Amino acid sequence: MFPGFGGESVGDLNSDFSSDDELLQQALPVEDCDERDPPDTSKILLCPNEYLRYVRLEASKLPETLVSPLHTLNNDEVEMTVTDRSRPFSHDFSEAWKYAQAYKFQKSQKEFSYLVQHLLPTNDFPSDADSLLSSLSSDTCINWLVNHPPMLLYFVGLSQANVSRLLETLLPACSQARWNSALQPWIYGSLLSLEPPLLPGTCHTVRQIGKSFCKQLRKSEHRKLNDSGDRIFWFVIVSIVAFAFGQRDLLEDI
């Protein structure tokens, strides 16, 4: 029966319900405590009552409103904090870090292979490898690569011989004099598209790219580029060539 019907008033029904304070007291029948009567720390993990007393004591030490430390610093401290955050992140190019880059690469390589060999062809995505091959035949190939980011369709149906040809085109651009950061995706993508066994010429080109970046890394030590994006990329490629393509002796050169 709805409230207000059957002889019971709404007020009578409301009187049957406990207040919020009463419910809280019934739900947590824990004695109040303060620092003069602290809970027994040896029992807080064994006794529920002592644990709840401990929680209440710790909560009582906190202000009702928490203030960010940034708003309590003086101007000098704030300026120092901002300066510290603006510093470049220092990478630890350890052996484990290098191996991790190769491991991530090999996982991506499997996904790349599935996309260009199975998923895209079976879903009638037309290959655009001809556009890439046409650019490789021109004298302005590097400019074309810089202005055309790599797409999966460029690699659909692309043979290893043609991937090797692409890497040979990129190899001179891996030197200090001709390096262009815009070529990073092409180098990484070309390596992704390679599957073993590699042709001898392909293996040689991959190794030469690794050696070129080793040389770049040695020179960058004297040019304060320890944390530049290019330097990180060079380390990534050398790690991939060393661990994923079996050229570990390159790591001795950096």
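**Exercise 1. Placing helix α9**

Find which helices the buried residues of α9 pack against, and decide how far α9 is enclosed.

*Solution.* The buried residues of α9 pack against six listed partners: α5 (95–122), α6, α7, α8, α10 and α11. The model is a predicted one. Next, identify the residues concerned: Q184, W186, I187, G189, S190, L191 and L192 are the buried residues of α9. Then set this against the length of the helix. Because 7 of the 9 residues of α9 are buried, the helix is largely enclosed by the rest of the structure.

**Exercise 2. The overall fold**

State how many helices and strands the protein has, and what share of its residues is buried.

*Solution.* Begin with the secondary structure, which comes to 11 helices and 0 strands. Along the sequence the pattern is therefore α-α-α-α-α-α-α-α-α-α-α. Turn next to burial: of the 254 residues in the protein, 30% are buried. The accessible surface comes to about 16,700 Å², and carbon and sulfur atoms account for 54% of this area. Last, consider the contacts with a separation of 6 or more: 69% of them are between residues 24 or more positions apart.

**Exercise 3. The buried face of α8**

Determine where the buried residues of α8 fall when seen down the helix axis, and what they pack against.

*Solution.* First list the buried residues of helix α8 (residues 160–170), which are Q160, V163, S164, L166, L167 and L170. Viewed down the axis of α8, these buried residues fall within an arc of 155°, so they line one face of the helix. The spacing can be read against helix geometry. An α-helix has 3.6 residues a turn, so residues three or four places apart point the same way. The partners of the buried residues of α8 are α6 (129–136), α7 (141–147), α9 (184–192) and α10 (200–220).

A further residue of α8 is T169. Leaving aside neighbours within four places in sequence, T169 is in contact with L136, C141 and I142. For the pair T169 and L136, the C-alpha atoms are 7.4 Å apart, while the sequence separation is 33 residues.

**Exercise 4. The salt bridge and its surroundings**

Locate the salt bridge found in a search of the whole structure, and describe the residues that form it.

*Solution.* The search finds 1 salt bridge. Side chains of opposite charge can pair when their charged atoms come close. Here R207 pairs with D249, and their closest N and O atoms are 2.7 Å apart. The pair links distant parts of the chain, since R207 belongs to helix α10 and D249 to the segment after α11, with their positions 42 residues apart. Now classify each partner. R207 has 24% relative accessibility and so counts as partly exposed. D249 is also partly exposed, because its relative accessible area is 33%.

R207 has another polar partner: its side chain and that of Q247 are joined by a polar contact of 2.7 Å. Q247 is placed in the segment after α11 (229–243). With a relative accessible area of 11%, Q247 is buried, as the cut-off for buried is under 20%. Outside four places in sequence, Q247 is in contact with C203, R207, V241 and A242.

**Exercise 5. Two residues in α3 and a surface patch**

Classify N49 and Y51 by accessibility, and name the residues that make the nonpolar surface patch with Y51.

*Solution.* Both residues are in α3: N49 is found there, and Y51 has its place in this helix, which covers residues 48–60. N49 is partly exposed, because its relative accessibility is 27%. The value for Y51 is 41%, so Y51 too counts as partly exposed. Y51, L52 and V55 together make a nonpolar surface patch of about 240 Å². For N49, one distance can be added: its C-alpha atom is separated by 9.0 Å from that of P39, which is 10 residues away along the chain.

**Exercise 6. A glutamine in α5 and a cis peptide**

Is Q101 buried or exposed, and which two residues does the cis peptide bond join?

*Solution.* Q101 lies in helix α5. At 12% relative accessibility, Q101 counts as buried. Its contacts, apart from neighbours within four places in sequence, are V236, S239 and I240.

The cis peptide bond joins P196 and P197, with omega about 0°. P197 is placed in the loop between α9 and α10.

Conventions
Residues numbered from 1 in each chain as written. Predicted model: local features only at pLDDT ≥ 70, side-chain atom pairs only at ≥ 80, totals over all residues. Heavy atoms only, no water. Patch = residues over 30% accessible without salt bridge, like charges linked within 9 Å, V, L, I, M, F, W, Y side chains within 5 Å. Areas by Shrake-Rupley, 256 points an atom, 1.4 Å probe, with all protein chains shown as cover. Salt bridge = Lys/Arg side-chain N within 4 Å of Asp/Glu carboxyl O. Helix = DSSP H or I, 4+ residues; strand = E, 2+ residues; numbered from the N terminus. Buried < 20%, exposed > 50% of the residue type's maximum accessible area, 1.4 Å probe, protein only. Polar contact = N/O pair within 3.5 Å; in protein donor to acceptor, adjacent residues only side chain to side chain. Contact = heavy atoms within 4.5 Å. Arc of directions from axis to C-beta.
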